[in-house]
Amino acid sequence: MSIQSNETSIQTSATPLGRDDLARLVARDIAPGSFVNLGIGQPTLVSNYLTDDQDITLHTENGMLGMGPAADGDQIDGDLINAGKIPVTELPGASYFHHADSFAIMRGGHLDICVLGAFQVSATGDLANWHTGAPGAIPAVGGAMDLATGAKDVFVMMTLLTREGASKIVDTCTYPLTGVGCVTRVYTDKAVFLTGPEGVTVRETFGCTLEELQELVPVPLTAARAA
Amino acid sequence: MLNFVDTVADAVAGIKDGSTVMIGGFGNAGQPFELIDALLECGARDLTVVNNNAGQGDQGLALLIKEGRVKKMICSFPRQSDSWHFDAKYKAGEIELELVPQGNLAERIRAAGAGIGGFFTPTGYGTMLAEGKETRIIDGRGQVFETPIHADVALIKALKADGKGNLVYRKTARNFGPIMAAAAKRTIVQVSEVVPTGSLDPENVVTPGIYVNTVVRVAASESRTAGTNEKVA
């Protein structure tokens with residue numbers, strides 16, 4: 001990523017970010033020592049970029065802290081899986097607990113960050129990521145509502161636009177909600193957005209200017225003040 | 001009264017039509033396949049089944065659903081890449097679904113075992129899964145009233161039981177086992193090993209034997225391997 005020297009620009013990359021670059025960026029933004037839950041799909045990529053120095057502890061909803069990388073070959077053990085039901089490994093210092101304790105860890109506000117995918121995020125941080133509401137679709141929610149409601153910070157990773165070119169950052173979600181006002185940051189291929197009661201600010205853009213980004217997103221955007 | 005039986009058929013004997021049955025397991029980890037097979041064999045029907053999922057592939061809970069024994073599923077995540085038996089029954093209108101966020105499912109089961117009459121939780125507030133439920137603002141947060149889920153029977157899998165029915169589990173196969181054991185009137189456990197009383201360190205017992213009614217040994221070598229390498233949502 002090339003950082004532009006123009007001090008009024010928040011564009012930090014000449015091109016949109018790919019999935020791996022985005023995962024690297026999310027990983028970099030996770031504070032050392034954090035307890036983190038990574039959702040199924042794109043968020044799982046973040047684990048590839050967490051460093052030993054960060055000393056991050058990963059939680060999996062099916063009852064474990066200290067989850068290690070995906071299991072391979074002889075490591076595969078049917079009794080040791082993650083939320084996506086993929087065989088994983090345990091790291092030194094891991095712990096196991098039952099489901100009610102695992103969700104108490106979420107609901108009780110003990111997780112620092114969860115990273116989730118999304119269909120839509122509203123200007124005030126409402127999240128829609130579990131159900132399209134389409135007729136005939138079989139609804140399945142899993143732990144999405146618990147994570148969205150419970151973690152101290154909810155990061156979303158998604159492409160900014162649908163395949164049809166519509167913004168997934170919206171004024172009001174049209175898909176069924178997962179949680180109300182829960183999302184704090186949205187990492188997309190084109191920008192990092194901060195969401196909250198005061199609306200949406202943009203921390204940085206990738207491959208576009210703030211003005212160009214505003215053309216794509218139907219809610220007012222302002223540049224976030226540097227922390 | 002705790003009893004040890006020799007076969008899974010003896011373990012599930014007496015499960016009546018119309019029972020609410022909790023089945024442990026998250027995906028295949030901790031799923032008591034042999035007990036489910038025996039439940040299928042014993043013929044009980046019109047069952048309400050409580051599990052995180054609604055069966056995968058062509059085994060265990062999926063077969064119970066395929067054979068039309070389940071009238072209602074209470075679960076958090078029925079739709080998977082290989083949940084074809086549930087999908088077919090659901091689309092045909094032949095199975096009822098109560099969809100519950102996973103943490104609410106776990107806490108409702110825990111509440112039943114703990115004698116709690118219900119609880120307010122922020123999970124699900126403002127969503128369609130809270131429609132029709134009582135809500136309150138507590139400490140500035142919207143919360144939804146959820147009720148306990150009791151069961152007639154729990155079928156769970158543990159690693160070891162001792163002669164008092166104390167249980168230890170293995171890794172993430174623990175999942176719903178301890179809370180289901182407490183929430184059911186009758187808890188039936190399949191274990192890989194029965195060990196002499198006194199050989200489990202009391203500090204390490206996860207489920208005290210007070211919650212356990214029936215134990216049957218299904219040696220790990222005879223039990224179907226849990227878990228798959230398949231990626232499912």
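Colleague: In the contact between the chains, how many residues come from chain A and how many from chain B, and how do those of chain A divide into nonpolar, polar and charged?
Modeller: In this predicted model, the contact takes 35 residues from chain A and 43 residues from chain B. Helix H2 (99-107) and helix H3 (144-150) of chain A each supply at least two residues of the side of chain A that touches chain B, and the largest share of that side, 5 residues, comes from H2(A). The residues of the side of chain A that touches chain B divide into 19 nonpolar, 10 polar and 6 charged.

Colleague: Is helix H5 of chain B largely enclosed or largely open, and how many of its residues are buried?
Modeller: Among the residues of H5(B) that are buried are Gln102(B), Glu107(B), Arg108(B) and Arg110(B), as well as Leu105(B) and Ile109(B). A residue counts as buried when 20 or more other C-beta atoms lie within 10 Å of its own. The helix is largely enclosed by the rest of the structure, because its buried residues number 12 of the 13.

Colleague: Which elements do the buried residues of H5(B) pack against?
Modeller: On the side of chain A, the buried residues of H5(B) pack against H2 and H3. Within chain B, their partners are strand S2 (20-23), strand S6 (119-121), strand S8 (141-146) and helix H6 (177-183).

Colleague: What distance should H5(B) span, and how far apart are its end C-alpha atoms?
Modeller: Helix H5(B) runs over residues 102-114, and at 1.5 Å a residue its 13 residues should span 18 Å. Just after the helix, Gly115(B) takes a positive phi of about 75 degrees. The expected span agrees with the model, because the end C-alpha atoms of H5(B) are 18 Å apart.

Colleague: What is the direction of H5(B) relative to S6(B), in the sheet on which the helix packs?
Modeller: The open sheet has 3 strands in the order S6-S8-S7 (chain B), with antiparallel pairing, and its edge strands are S6 and strand S7 (135-138) of chain B. Neighbouring strands of this sheet are turned by 40 degrees against each other on average, direction ignored. H5(B) touches S6 and S8 of chain B, and its direction makes with that of S6(B) an angle of about 165 degrees.

Colleague: Which residue of S8(B) stands opposite Ile137(B)?
Modeller: Strands S7(B) and S8(B) are paired in the antiparallel sense over 4 bridges. Opposite Ile137(B), in S8(B), stands Gly142(B).

Colleague: Which residue of S12(B) is the bridge partner of Phe4(B)?
Modeller: Strand S1 (residues 3-5) of chain B runs parallel to strand S12 (residues 214-217) of chain B, and 3 bridges join them. S12(B) also pairs in the parallel sense with strand S11 (residues 184-195) of chain B, over 4 bridges, where Val189(B) stands opposite Val215(B). The bridge partner of Phe4(B) is likewise Val215(B).

Colleague: Which strand gives the most to the largest nonpolar core, and with how many residues?
Modeller: Among the 135 residues of this core, Val26(A), Val156(A), Ala154(B) and Ala183(B) touch the most other members. Not counting residues up to four places away in sequence, Ala154(B) touches residues including Met22(B), Met180(B), Ala183(B) and Ile188(B). The most is given by strand S9 (residues 151-162) of chain B, with 8 residues.

Colleague: Which strands stand at the edges of the sheet S8-S7-S10 in chain A?
Modeller: This open sheet of 3 strands has mixed pairing, and 2 bridges join strand S7 (residues 120-122) of chain A to S8(A) in antiparallel fashion, with Leu127(A) as the bridge partner of Val121(A). Each edge strand has a single partner strand, so one side of each is left without a neighbour in the sheet; these strands are S8 (127-128) and S10 (169-170) of chain A.

How values were computed. Residues numbered from 1 in each chain as written. Chains lettered and ligands numbered in written order. Predicted model: local features only at pLDDT ≥ 70, side-chain atom pairs only at ≥ 80, totals over all residues. Pairing = 2+ DSSP bridges. Contact = placed C-beta atoms within 7 Å. Nonpolar A, V, L, I, M, F, W, Y, C, P; charged D, E, K, R; others polar. Core = buried A, V, L, I, M, F, W, Y, C linked by C-beta atoms within 7 Å. Expected span 1.5 Å × (residues − 1). Axes fitted to C-alpha atoms, helices over the stretch in contact; angles between N-to-C directions.
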